[in-house]
Amino acid sequence: MLSYDYVKCNDLRLACQELEEGEQVYLLAGGTDLIVGMRGGKFSAKTLVDIKDVPELKVLEEDDRGITVGAAVTLNEAVVFAPIRDNVPILAEGCHSVGSYSIRNRATMAGNICNASPAADTAAPLYCLDALVNIKSSEGSRSMPIKDFFAGPGKTALNKGELVQSILIPRPYPEGKGVYLKASRTGSVDLATVGVAVQRWGEEVKIAIGAVAATPVRAFSVEKAINEKGEKNYADAARLVHDDISPITDLRGSREYRYHMVEVLVRRGLEQTLGV
Amino acid sequence: MADLKTVGTSVPRKDAIEKVTGSAEFIEDRYMGPMLYAKMKKSTVAHGKIKNIDTTRALKHPGVKAVLTGKEYPNRIGLYLIDRTFLAVDKVRFWGEPVAVVAAVTEKAAAEAVDLIEVEYEELPGVFDPREGMKPDAPIIHEDLANYEIVPIFYPEKGTNIANHFKVRKGDIDKGFAEADKIIERDYYVPQMQHVPIETHKAAVQWSLDGKLTVWSTAQSPNVVRQLLAKSLDMPMHKIRVISSYIGGGFGCKAGASIEGLLVPIAQKFPGHIVRIVFNREEDMQGTFTRQALYSKLKTGVKKDGRITALQYEMVWDGGAYTEYGVNIVRAAGYSSTGAYDIPNVKTDSYCVYTNNSIGGPVRGFGMCEMQWGIERQLEEIARELGMDPLEVRLINGMKKGSTTASGQVIHDLDYDKCLKVVADKIGWGKKEESRDGKYRGKGIAGLVKCPAQPSNAASSAMIRINEDGTAHVMIGATEMGQGMLTAISQIASEALHIPVDKIDIKVPDTDFTPYEWQSVGSRITYTCGTSVKRAAEDALGQIYRVAADLLETPQEDLSFDGKKVFSAKNPDLTATIREVADSCKKCTGEGIAGPIIGRGSFVPTNMTNLDPETGQGNPGLFYCFGATGVEVEVDPETGVVKILQLACSIDAGKAVNPQLCTAQLHGGTIMGLSTALYEEVRFDKGIMLNRNFTDYKIATIDNTPHMDSFIVETPETNGPYGARGIGEQPMIGVAPAIANAVSDALGVDFNTFPLTPERVWQAIKNKK
Ligand SMILES: Cc1cc2nc3c(=O)[nH]c(=O)nc-3n(C[C@H](O)[C@H](O)[C@H](O)COP(=O)(O)OP(=O)(O)OC[C@H]3O[C@@H](n4cnc5c(N)ncnc54)[C@H](O)[C@@H]3O)c2cc1C
C-alpha cells in the first residue's frame, strides 16, 4: 500500500527547497516510472513533489541555442513540436517509441532520463544529438552533457537538492537523416530489448545504443570505422559494435540475442541514414 | 430449422448499456456494509515445512482484527481431488502459497501487518519438472495422496507424485504401427501461461448474526462455490448464499472455488462485518490457476497415401502444487488425444504430476491447446515426410460423420472438412508468395476440436416467471463474464416462449433465488443452460395455452401465441391478450382459472458415460465442436520477428444463436491464441514466478491484432437448442500450431514449442545453419 505526503508545487524555487530540505523526497512528473517503482518497492518515498504545473518547467521553445524541452513537457507534446519534428526527427522517434499514447500523455523526457534506465528510449537519440541537461538547485544552475548525466543503472549525476530543469538540443542541428530502431518482444507497449540510434552529421555518423550496458553508450568503434577510416561496408562496420557493448541476459532477451540485434540494427541504421 | 425469429439474429447485448456507461456493477463497486480487509502472507520458499508462524506482532498492529493460519482451518477442499487447503497446513508446496491471512479495518493496516508475521521454514528439495517428479527417487509433495478423497474417475498412483494417470487403449497399437509405411516421432513442450482477465480475483464474505453465510465472488460458478463451502464447512446449503456480480473475464481461472473460503473463518469471528479480499495483479498471476505446462512424446504411424494407422501419445503435465482441478484437464486431453482425426489404433498415457510450481488449472481450451499443439505440428511433419500437402493429410484423416474419437465415441454432427476448406481458401492455400525485402512468407493451417470436459451428470436448470403484463424474467445460474451469455440465453427463451427478447429480463445469479447451474465453463452454457431455458419456456408456453384454452373454451391445439395475444386459428373471435392469461386469469363469471405462470426446465446429459479405467473407452463428450485456423506470416530472418499477414478462423457452431456474439468469440479466442503463440510464457526459476506483471508478462495489444476473417459453419447439433453447440473456447486452440506451421513453411525450420518470440525464431534459424 502506498502512503506518502503529496506536495503540489507551482514554483520552481519551492520545488528546489523541498528537495533540499526533506528526506526521501521524490519529484513527480508523469509518475509513470515513479508510481510503478514505488508500488514494486523500488523507491520508498515519504514525500512526492508534483512539478507538472511549474511554469518554468513547461517551457518548450526554440531559440538561438537550440530546442529547450522543459522537465514538465510531456512526450506527446514533444513529439508534435515542429522544431523537433523538422530538425531532429530522431528524437521524435525516440519519444514516440515510449509506451503507449496514454503513457506518453503523462510521461516526460526529463523523467525518462532521471529514471536512468539504460533502456530509456529518449536517451540514445539524445546521446547522438549531444544534448545538454540543465540542472537547477537552490544554489544555482549548471549544465552537463547527457553522457555525463547517466551514471549507472538508476543513477544520475544529480546531487541532493538538484533537479533537471530542462533538456537542450543544441544548435547546430545535424545535417542528414537519423533513425531510432527499437527491438522489443511485442513491438507494442514494451521496453527496449535493445535500442539503436544512428544520426548522420554531414558525412559522419553518431551512434548510440540503449539496453546493452550500465548506461546508454556510444558505438565509438563503429563511428571510427565509418568516420575516420571511411568504411563503406556497413555490415563489417556494424560487427565492430561488439567492442562497444556489454549486454546481459534478462527476461527481455539473452546477451547473445542482444549482441546479434545490435549488430543488425546498427547495420540497418547505417543503411537507412547513409544510404545503401 | 425454419422460421426462427430471434435465434440467429444479432440482437444487441443485454448488458451493453451498463457496460458502456460504466454503470455495470462489479464486486468492488458495491457498498456492502462495515468492512474488514484481508491480505495474505505468502510463502517465500517453494517446498518446505512450516516450523513456526509468529503472529504476535501482527496481532498487535493498530487496526488489525484477526490473523489466521492454516492450523485453525485445516479442512481440505477441491473439485475433483480434495487435495487443497485455503492456507498452508504444516507444509508449503509452492512459492507464494498463502500461509496466513490478516483482516484489518483498512487495507493498509492489513498489508503492514502481513509484513510483521514471521514464518520459519525448513526448506525441502523441490520438484520443478514433472518428468523428474515421476522418477522413483523424486521428493514427494503430497505424502497423503493415497488418503485424499477423489472422484472415482481419476487414478492417482500411491506413494508417487502422480495425481492421475489416464489411459487410452483403442484398437491394436502394435498392428497399427506394423501397418505403417513411416513412423514419425517427436517431443513437444508447451510452457505455462496465464489467463490475465481484466478483473482479478475478488471475494467478500459476511456471516450474519443468525448464522447465514453470504458470499460475493468473481467465481465462474456460484453453485460450485456453495457446494464446496458447504462441504468444507459442514454447513447445510440453505445457510449459504453465493451472489455473482458481473465478472471481468474468467477464461477458466475463476472456475471452481478459489479464494472465498479464506475469508469465512474471519467472517465467523466478526458477524455482521464484510470481509473482502481483492487480489492485485501479481497475486492473481502467481496465486491462482496457471495453465499446466505439457511435456509430450508423440509417435504416429502413417501409410504412404497419408492415412494414419496408429498414434501413441505420452503426456506429462506439470500439475503444480495442487491438482484438484488439473486432474480433469489431464483426463480430457487423454480421451481427446487424436485431436480432430479419426485414428483406429491409439495408445495414450496422460499423467498429472505434482510439482512445486504454481497451481495448474483450467484455462480456455482445457488441455486442448496444449495437446493439439503436438497433433497439429506432427501432421505438418508427416506431410513433409510423405511429400504431401498438409491440408490434404488433414482432410484424409479428419473426422467425418460416423468417425470415432480416441475414446471410441461416435460423432455425428460435424463438417470438419468445410471448416478446413473455408480458411484454406481465404488465405490462398497452395499459392506460395515469394519472399520480399529479405523477408520470408509462409502459410499454415491447423484444425481443432473440443467437447466440454464436464462430469456426466453436470446439470442445468431454469425458471421463467411470466409477469402480469406478459413480460418475463428468466432465472438461471450461469455467470456473465463478457461472453454474452445473458443475451444468447434470453434469445433462446424468447424463441421458445414467443415473447420478444426486449420483454425478457435476465440477471446474473444469486443462489438464494436462481436455480442450479453446474459451472459456466467448458463452452457448455449455450447448450446446457440453453436447453433448460428452452424447456422452461416450453413449459411456460404450455401453461399459457392451457389457461387460454380454459378461458376461451376451445381446444388447446387450435391456439397460437404471437407474444401479445393467444388466438384460435379456427375462430378469429376467440382471442385473449397475454395480460388476460398471465394476470391470475379468471372467467367472466369471476371464477378463477389459474394463478401466475412459472415455467421450469432442467437438463442433464443422457449421452455421456463413464470411461473404462483400462482402455479409456466410452462417451465423455456432450457434443464436439470443430474448427480451423489459417495463417499467412512474414518473417524477418535477421530479427526473428513474425508478422501476421492473414488470419482466418472457422468454427462449426451448429447454429449461431447470435452471430455477432459468436464472431466476437471467434475474434477474442483467436487473439488469445495469437498472444500465446507469439508472446506469452510464465517464467519460473525454481518455482519462483519471475514475470508476475505486465512489465514482463507480455500479451498482445491492439497493435498486435491483425485483421481477422471469421467463418461460422452451421451443421446442426441434433440435441442442442435450435441446433446450437458451444464455441467459446475453441477458436483459441488452432492458432498456435497454425502460426508455427506458417513460420515453418516460411523458414524451413521446425518448432516443438512456443511462444515464437523474435529471439526463439532467430535461435531456431541459427541452429539450422
Ligand atoms: C506501461 C508503461 C510503458 C512504458 N514504456 C516505456 C518505453 O517503451 N520506453 C521507455 O523508455 N520507458 C517506458 N516506460 C517508463 C516511463 O514511462 C518513462 O521512463 C517516462 O519517460 C518517465 O517519465 P515520467 O514523467 O513519468 O517520470 P516520473 O515517473 O514522474 O519520474 C521518474 C523518476 O525521475 C524523477 N524525476 C522526474 N522529474 C525529474 C526532474 N525534473 N528532476 C529530477 N528528477 C526527476 C522522479 O522522482 C522519478 O524518480 C513505460 C512505463 C509504463 C508504465
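Here are some questions and answers about a predicted model, covering its ligand and a few of its charged residues.

Q: What makes Gly30(A) a polar contact of the ligand?
A: A backbone N or O atom of Gly30(A) sits 2.7 Å from an oxygen atom of the ligand. The cut-off for such a pair is within 3.5 Å, so the Gly30(A) pair at 2.7 Å qualifies.

Q: How do you know that Thr108(A) uses its side chain to meet the ligand?
A: The atom in question is an N or O atom in the side chain of Thr108(A), and it is 2.7 Å from an oxygen atom of the ligand. Overall, the protein buries 89% of the 980 Å² that the ligand exposes when taken alone.

Q: What makes up the shell around the ligand, by class?
A: There are 17 nonpolar, nine polar and four charged residues. Among the elements of chain A that each supply at least two shell residues are β2 (25-28) and β10 (163-170).

Q: Why is the pair Asp90(B) and Lys71(B) called a salt bridge?
A: The closest N and O atoms of the two are 3.5 Å apart. A salt bridge needs them within 4 Å, so this pair passes. Both residues lie in the loop between β3 (64-69) and β4 (91-92) of chain B, so the pair ties together parts that are 19 residues apart in sequence.

Q: Why is Lys71(B) called exposed, while Asp90(B) is called partly exposed?
A: Lys71(B) has a relative accessible area of 63%, and exposed means over 50%. Asp90(B) comes in at 48%, so it falls in between the limits of 20% and 50%.

Q: What makes Lys108(B) and Glu112(B) about one helical turn apart?
A: They are four residues apart in helix α3 (residues 107-116) of chain B. Their side chains meet in a salt bridge at 3.1 Å, N to O. Lys108(B) counts as partly exposed at 32% relative accessibility, and so does Glu112(B) at 31%.

Q: Why does Arg281(B) have no salt bridge?
A: The nearest side chain of opposite charge, Asp284(B), is 4.2 Å away. The limit is within 4 Å, so Arg281(B) misses out. Arg281(B) is buried, and a polar atom of its side chain lies 3.2 Å from the backbone oxygen of Ile198(B).

Q: How do you know that Glu517(B) and Arg524(B) form a salt bridge?
A: Their side chains meet at 2.7 Å, N to O, and the cut-off is within 4 Å, so the pair counts. Both residues are buried.

Technical notes. Residues are numbered from 1 along each chain as its sequence is written. Chains are lettered from A and ligands numbered from 1 in the order in which they are written. This is a predicted model: local features need pLDDT of at least 70, side-chain atom pairs count only at pLDDT 80 or more; totals for chains, interfaces and linings use all residues. Side-chain values use heavy atoms; hydrogens and water are left out. A polar contact is a pair of N or O atoms within 3.5 Å; within protein, one must be able to donate a hydrogen and the other to accept it, and residues adjacent in sequence count only if both atoms are side-chain atoms. Accessible areas come from the Shrake-Rupley method with a 1.4 Å probe; for residues, only the protein chains shown count as cover. Ala, Val, Leu, Ile, Met, Phe, Trp, Tyr, Cys and Pro count as nonpolar, Asp, Glu, Lys and Arg as charged, and the others, Gly among them, as polar. Buried means under 20% relative accessible area, exposed over 50%, partly exposed in between (1.4 Å probe, protein chains only). Lys and Arg count as positive and Asp and Glu as negative; His and the chain ends are not counted.
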